[in-house]
Amino acid sequence: MRTVLVTGPGGAGRTTIAAATALAEARRGTRVTLLTSDRLPGELDGVTVRRIDSAAHFRAELLAFQDRAGAALDLLGASRVDAEELTELPGAEQLALLSALREAAADRPDLLVVDLPPADRALATLALPEQLRRYLRRLLPPERQAARSLRPVLAQLAGVPMPAQWLYETAARWDLELAAVQAVVEDPGTTVRLVADPGPAAAEALRTARLGVAVHGLALDAVIANRLLPAETPDPWLAGLVAQQRKYLDELAQEFPVLREVAHLGRDPRGDDDLERLATGPGPAAAPAPRWEIEDRLAEDDVLVWSLPLPGAVKDGLALVRRGDELLLTVGPFRRIVPLPSALRRCTVTGAGLNDGVLDVRFAPDPELWPRGR
């Protein structure tokens, strides 16, 4: 299965491009699923459309949790809520999207096109499975479940109640569901497609989004320059807009390896015929995300170097903190906590440098932990 995650600056026509991409492939005989929460500009014949309903998802999940935790809630004297009382809370949209992504991927279409929210929210949502699984492991370590038969004894010895079995079971279920979504996001067949109208604000937003894509280890397959005006026009006012678009289009072509152009229809797209005119197709399989590789320089410099590709990163917005077996990485507006590879856990950080969009972090082996003779 191939997955194309479509996002970009707000108001750039992401949903239209996602729909056009899905329709074009469906008409080639590909089994396509489109995941979206927005209104579509056409019928999309041949495409399986799955809609994200964050309000319905929030109600269903909270009511199910209330049922599973019924005994504990009754013990506390809690008053249960009805479905009619529930209105979705902040964050419900992201969780509904992740759930829908997991369910759509389980059907294994040939191509899954996902219409994501604007880039800043989209990247935060795609990072959630990794983050939430880390929190679950810290708060309810899986290894503690092995001692569930001793929990009554431990409760008597400690004088405090031990976590109920349903809590561990719920955490385990959440972890499995999050792991399934994380597997889709991190799959080599998953790529990110950025859609934007060429212009000063969009160009900067694209650079920031590209950096976020790299921080989270995702692959960028293309940038779609949308709503391009005709290159020649007798109207002086339109000519100024065309010149501005072309200026930033040339800049983007130098910075992004794959840039595809989509012409403006002169009106809002209506129907499948219009979508066909806007289709770029998924194109050839994109190159996988640049790997975070470890270079062995022990013989020359007595260090291992972990190279992290971060295009567009600048030193002023960069911070690194080693915490146990994890590296806390902050790059511009993005932050990620990354588990260290096993070899680097037995080393100490000796320095880092940013050159040509690649962050090199140097590690020196800890004599107390490194195998003798190496």
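Select strands S9 (residues 303-309) and S14 (residues 358-365) in this predicted model. They run antiparallel and are joined by six bridges. Two residue pairs mark the register. Show Pro309 of S9 and look across to S14, where Val358 stands opposite. Then show Trp306, whose bridge partner in S14 is Val361.

Keep S9 and add S8 (293-297). S8 and S9 also run antiparallel, with five bridges between them. Here Glu295 can serve as a marker: its bridge partner in S9 is Val305.

Now color S9 by accessibility. Seven of its seven residues are buried, and the strand is mostly covered. On one side are Val303, Val305, Ser307 and Pro309, and on the other Leu304, Trp306 and Leu308; both faces are covered. Two of the markers used above, Val305 and Trp306, therefore lie on opposite sides of S9, and both are buried.

Extend the selection to the whole sheet. It is an open sheet of four strands, ordered S8-S9-S14-S13, with antiparallel pairing. S8 and S13 (347-355) stand at the edges; each has a single partner strand, so one side of each has no neighbour in the sheet. Looking along the sheet, the twist averages 25° from one strand to the next.

Next, clear the selection and show the other sheet of this tour. This open sheet has seven strands with parallel pairing, in the order S3-S2-S4-S1-S5-S6-S7. Its edges are S3 (47-51) and S7 (259-263); each of these has a single partner strand, so one side of each is left without a neighbour in the sheet. The twist from one strand to the next averages 20°.

Stay at the S7 edge and select S6 (residues 219-228) together with S7. The two strands run parallel and are joined by four bridges. To locate the pairing, label Ala225 and find Glu261 of S7 opposite.

Move to the helices. Select H2 (residues 54-68) and H4 (residues 92-106), and draw their axes. The axes come within 9 Å and cross at roughly 85°. At that angle H2 counts as roughly perpendicular to H4, because the range for this class is 65 to 115 degrees.

Show side chains where the two helices meet. H2 contributes Ser54, His57 and Phe58, while H4 contributes Ala92, Glu93, Leu95, Ala96 and Ser99. By class, the residues of this contact are four nonpolar, three polar and one charged.

Keep H4 alone. The helix has 15 residues and reaches 21 Å from its first C-alpha to its last, close to the 21 Å expected at 1.5 Å a residue. Its buried residues are Ala92, Ala96, Leu97, Leu98, Ser99, Ala100, Leu101, Ala104 and Ala105. Ala92, Ala96 and Ser99 are buried, and they also belong to the contact with H2. After the helix, stop at Arg108, which follows H4 and has a positive phi, near 55°.

A second helix pair is worth selecting: H1 (residues 14-26) with H10 (residues 271-278). Their axes come within 8 Å and cross at roughly 90°. This makes H1 roughly perpendicular to H10. From H1, show Thr16, Ile17, Ala19, Ala20 and Leu23; from H10, show Asp272, Leu275, Glu276 and Leu278. The residues of this contact divide into six nonpolar, one polar and two charged.

The last single-residue stop is Arg335, in strand S12 (residues 334-339). Is Arg335 buried or partly exposed? Its relative accessibility is 49%, so Arg335 counts as partly exposed. Now select Gly212, which is 123 residues away along the chain, and check the C-alpha separation from Arg335: 9.0 Å. Leaving aside neighbours within four places in sequence, the residues in contact with Arg335 are Gln131, His216, Leu328, Leu329 and Thr330.

Finally, show the complete protein. Its secondary structure comes to eleven helices and 14 strands. Of its 374 residues, 43% count as buried. Among contacts between residues at least 6 apart in sequence, 66% join residues at least 24 apart. The pair of Arg335 and Gly212 can be left labelled in this view, with their positions 123 residues apart along the chain and 9.0 Å between their C-alpha atoms.

How values were computed:
Residues numbered from 1 in each chain as written. Predicted model: local features only at pLDDT ≥ 70, side-chain atom pairs only at ≥ 80, totals over all residues. Heavy atoms only, no water. Axes fitted to C-alpha atoms, helices over the stretch in contact; angles between N-to-C directions. Parallel < 35°, antiparallel > 145°, perpendicular 65-115°, else oblique. Contact = heavy atoms within 4.5 Å. Nonpolar A, V, L, I, M, F, W, Y, C, P; charged D, E, K, R; others polar. Pairing = 2+ DSSP bridges. Expected span 1.5 Å × (residues − 1). Buried < 20%, exposed > 50% of the residue type's maximum accessible area, 1.4 Å probe, protein only.
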